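Colleague: I'm new to this one and don't want the whole tour at once. Please pick one part, look at it closely, and then show me how the rest fits around it.

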Amino acid sequence: LDGTTNKSENLGDRTLAILPATLDRVKNNEYVFVTQTVDNIPIRSRLSPLVVRNQVVGVIQVAESLQSV
């Protein structure tokens with residue numbers, strides 16, 4: 001995990017932060033759910049380890065708004 005990131009254009013200039021403790025859990029091959037607020041909108045994320053040849057090489061984060069439509 002070298003710090004390289006990619007994100008959806010839907011986020012615009014917003015970033016979904018990952019706390020170091022959460023990143024450590026994903027590096028240990030755990031799936032983690034996180035709720036955070038971005039621009040006063042509650043967001044729920046699932047972070048999954050990206051594993052290649054039995055080694056965690058990245059993190060995949062999928063998120064959705066919890067705000068009512």
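Modeller: Let's start at Asn54, which sits in the loop between strand 2 and strand 3. Helices and strands here are DSSP runs numbered from the N terminus, with at least four residues of type H or I for a helix and at least two of type E for a strand. One thing to keep in mind is that this is a predicted model, so local features need pLDDT of at least 70 and side-chain atom pairs count only at pLDDT 80 or more, while totals for chains, interfaces and linings use all residues. Residues are numbered from 1 along each chain as its sequence is written, and side-chain values use heavy atoms, with hydrogens and water left out.

What is the phi of Asn54? It is near 65 degrees, a positive value in a residue other than glycine. As background, most residues other than glycine have a negative phi. Asn54 is also exposed, because its relative accessible area is 81% (exposed means over 50%, buried under 20%, partly exposed in between, using a 1.4 Å probe and protein chains only).

Just after it, Gln55 belongs to strand 3. Gln55 counts as exposed, at 52% relative accessibility. Its C-alpha atom is 9.0 Å from that of Lys27, although the two residues are 28 apart along the chain.

On the other side of the loop, Val52 has its place in strand 2. Val52 is partly exposed, at 42% relative accessible area. Together with Leu50, Val57, Ile60 and Val62, Val52 forms a nonpolar patch on the surface, with about 390 Å² of accessible area in total. To belong to a patch, a residue needs over 30% relative accessible area and no salt bridge; nonpolar side chains (Val, Leu, Ile, Met, Phe, Trp, Tyr) are joined within 5 Å, and like charges within 9 Å. The areas come from the Shrake-Rupley method with a 1.4 Å probe, and for residues only the protein chains shown count as cover. Strand 2 (41-52) and strand 3 (55-65) each supply at least two residues of this patch, and strand 3 gives the most, with three.

Those two strands turn up again in the largest pocket, which has a volume of about 1000 Å³. Of its 28 lining residues, Asn6, Lys7, Leu16, Ile18 and Gln61 are closest to the centre. Strand 2 and strand 3 are the elements that give two or more residues to that lining, and the largest share, nine residues, is from strand 3. A pocket is an open set of points on a 1 Å grid over the protein atoms alone, where a 1.4 Å probe fits, with protein on both sides within 12 Å along at least five of seven lines; lining residues have an atom within 4 Å of a point. Points are joined across faces, edges and corners, and the volume is the space filled by probe spheres set on them.

The loop before strand 2 has a similar tale to tell. Asn40 lies in the loop between strand 1 and strand 2, and it has a positive phi of about 65 degrees although it is not a glycine. Asn40 is exposed too, with a relative accessible area of 76%.

Next door, the side chain of Asp39 meets that of Arg14 in a salt bridge of 2.5 Å, N to O (the rule is a side-chain nitrogen of Lys or Arg within 4 Å of a carboxyl oxygen of Asp or Glu). Arg14 lies in the segment before helix 1 (20-27) and Asp39 in the loop between strand 1 (32-38) and strand 2, so the pair ties together parts that are 25 residues apart in sequence. Arg14 is partly exposed, at 35% relative accessible area. Two salt bridges are counted by this rule, and Arg25 with Glu30 makes one of them, at 3.1 Å, N to O. Arg25 is partly exposed at 38%, and Glu30 is partly exposed at 34%.

To step back, the chain holds one helix and three strands, in the order α-β-β-β along the sequence. Of its 69 residues, 19% count as buried.
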